[in-house]
Amino acid sequence: MLIMPSRRQFLGGLGVGAGLTAATGVYAFDVEPLHRLVVTSYAPTLPRWDPALRLRVAVLADFHICEPYMRFDRVAEIVAATNALEPDLVLLLGDYPAGRIAWRKLPLDQFARMMTELKAPLGTHAILGNHDWWDDHAVQRAGRGVPAVRRLLEAQGIPVLENQAVRLVKDGRPFWLAGLGDQQPFLNAWSTFSFADLPRTLQAVTDSAPVILMAHEPDIFVSVPDRVSLTLAGHTHGGQVRLFGHAPAIRKVRGHDYSYGHVVQDGRHMIVSGGFGMSRIPVRMGVPPEIVLLELGKADTSAAAS
């Protein structure tokens, strides 16, 4: 026998539903994007990695600084949390300004100065992302040039790699750090133009030491050769809304899900950071802002967020 709810039960159910909807909205618009910060750790067993090379790497992606979603006090919190991890190396994966969601843009020179507060024996190294180009209106109008944020980071002594590779050494063990140019630097008519040049970048690698590749957009992974031990990417923000392990807003790349996390494809490895900020819409849910911590040269473990 079907038992219909009473009027009181029905109205109570509506109230609960409305309350849950409101609570979800508050969480997605305020709590998760503005107040949560996790450390997501990976210790992958990588191909062509020197097992005697123990390397601790902090990966920071997609700050998207602006009012009110990524204020400088929040940046300072991220810097302090990163330093507390005592990394050997800090990598910045691009997208420093915020784009259209900004109520008020923040000065990139102050952001660049704050990046010098990151502490790591092997230094802080950066690449550019699409918003670093898109938000520089002079570069967009000219269709060429150097984005302001690159000049500002380099003025503070932070190398910005664009289709370049540098050889670093930890405890006498060498490795290569490579950085690609951005794959989507221009809007509108030039939207398919890419600065990423994999062959040129890897030509700079002159010995058999392991290679870590920084690429803002993960799409390039389909073309990354076996020579690279690990590709690191950001850009997706994990989808910003992630439900049951999936990001509905992120398209697959040739049938592969590159939206977030540790991707293994044909024996090649990529880790996609969920980053910190937001673009298009100011919402994050199911993918809290994260510092990625890599423990390379250790036994393989599953990703763990704290």
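**Exercise 1. What volume does the largest pocket have, and which residues lie nearest its centre?**

Before starting, note that this is a predicted model, in which local features need pLDDT of at least 70 and side-chain atom pairs count only at pLDDT 80 or more, while totals for chains, interfaces and linings use all residues. Residues are numbered from 1 along each chain as its sequence is written, and side-chain values use heavy atoms, with hydrogens and water left out.

Solution.

Step 1. Fix the terms. On a 1 Å grid over the protein atoms alone, a pocket is an open set of points with protein on both sides within 12 Å along at least five of seven lines; a cavity is a set of points where a 1.4 Å probe fits but cannot get out; lining residues have an atom within 4 Å of a point. Grid points are joined across faces, edges and corners, and a volume is the space filled by probe spheres set on the points.

Step 2. Read the volume: the largest pocket has about 720 Å³.

Step 3. Look at the lining. It holds 28 residues, and those nearest the centre are His235, Thr236, Ile250, Ser279 and Arg280. Helix α4 (residues 130-134) gives the most, with three residues. Helices (H or I, at least four residues) and strands (E, at least two) are DSSP runs, numbered from the N terminus.

Step 4. Sort the lining by type. Ala, Val, Leu, Ile, Met, Phe, Trp, Tyr, Cys and Pro count as nonpolar, Asp, Glu, Lys and Arg as charged, and the others, Gly among them, as polar. The lining of the largest pocket then divides into nine nonpolar, 13 polar and six charged residues.

**Exercise 2. Describe the second largest pocket and the largest cavity.**

Solution.

Step 1. The second largest pocket has a volume of about 160 Å³. Its lining includes Ile65, Pro97, Lys105, His131 and Asp132. Both α4 and α6 (148-155) supply at least two residues each to this lining.

Step 2. By type, the lining of the second largest pocket has seven nonpolar residues, one polar and four charged.

Step 3. The structure holds one cavity of 30 Å³ or more. The largest cavity has a volume of about 40 Å³, and among its lining residues are Ile127, Trp133, Arg150, Glu162 and Asp182. That lining divides into six nonpolar, one polar and three charged residues.

**Exercise 3. How many aromatic pairs are there? Work through the pair of Tyr69 and Trp103.**

Solution.

Step 1. State the rule. Rings of Phe, Tyr and Trp (its six-membered ring) pair if their centres lie within 6.5 Å; planes under 30 degrees apart count as stacked, over 60 as edge-to-face and the rest as tilted.

Step 2. Count. The rule gives ten aromatic pairs.

Step 3. Classify the pair. The ring centres of Tyr69 and Trp103 are 6.2 Å apart and the planes stand at 80°, so this pair is edge-to-face.

Step 4. Place both residues. Tyr69 lies in the loop between β2 (55-60) and α2 (72-84), and Trp103 in the loop between β3 (89-92) and α3 (108-115), so the pair ties together parts that are 34 residues apart in sequence.

Step 5. Check accessibility. Buried means under 20% relative accessible area, exposed over 50%, and partly exposed in between (1.4 Å probe, protein chains only). Tyr69 is buried at 14%, whereas Trp103 is exposed at 69%.

Step 6. Add the cluster: ring pairs link Phe63, Tyr96, Phe111 and Phe276.

**Exercise 4. Is Ser229 buried or exposed, and which backbone oxygen does its side chain reach?**

Solution.

Step 1. Ser229 sits in the loop between β7 (211-214) and β8 (230-233). Its relative accessibility is 0%, so Ser229 counts as buried.

Step 2. A polar contact is a pair of N or O atoms within 3.5 Å; within protein, one must be able to donate a hydrogen and the other to accept it, and residues adjacent in sequence count only if both atoms are side-chain atoms. The side chain of Ser229 reaches the backbone oxygen of Arg48 at 3.2 Å.

Step 3. Turn to Arg48. This residue is in the loop between β1 (38-43) and β2, and is partly exposed at 40%. Arg48 is not a glycine, yet has a positive phi of about 60°.

**Exercise 5. Where is Asn163 found, and what is its phi near?**

Solution.

Step 1. Asn163 is found in the loop between α6 and β5 (164-170).

Step 2. Its phi is near 55°, a positive value in a residue other than glycine. Asn163 is buried, with a relative accessible area of 6%.
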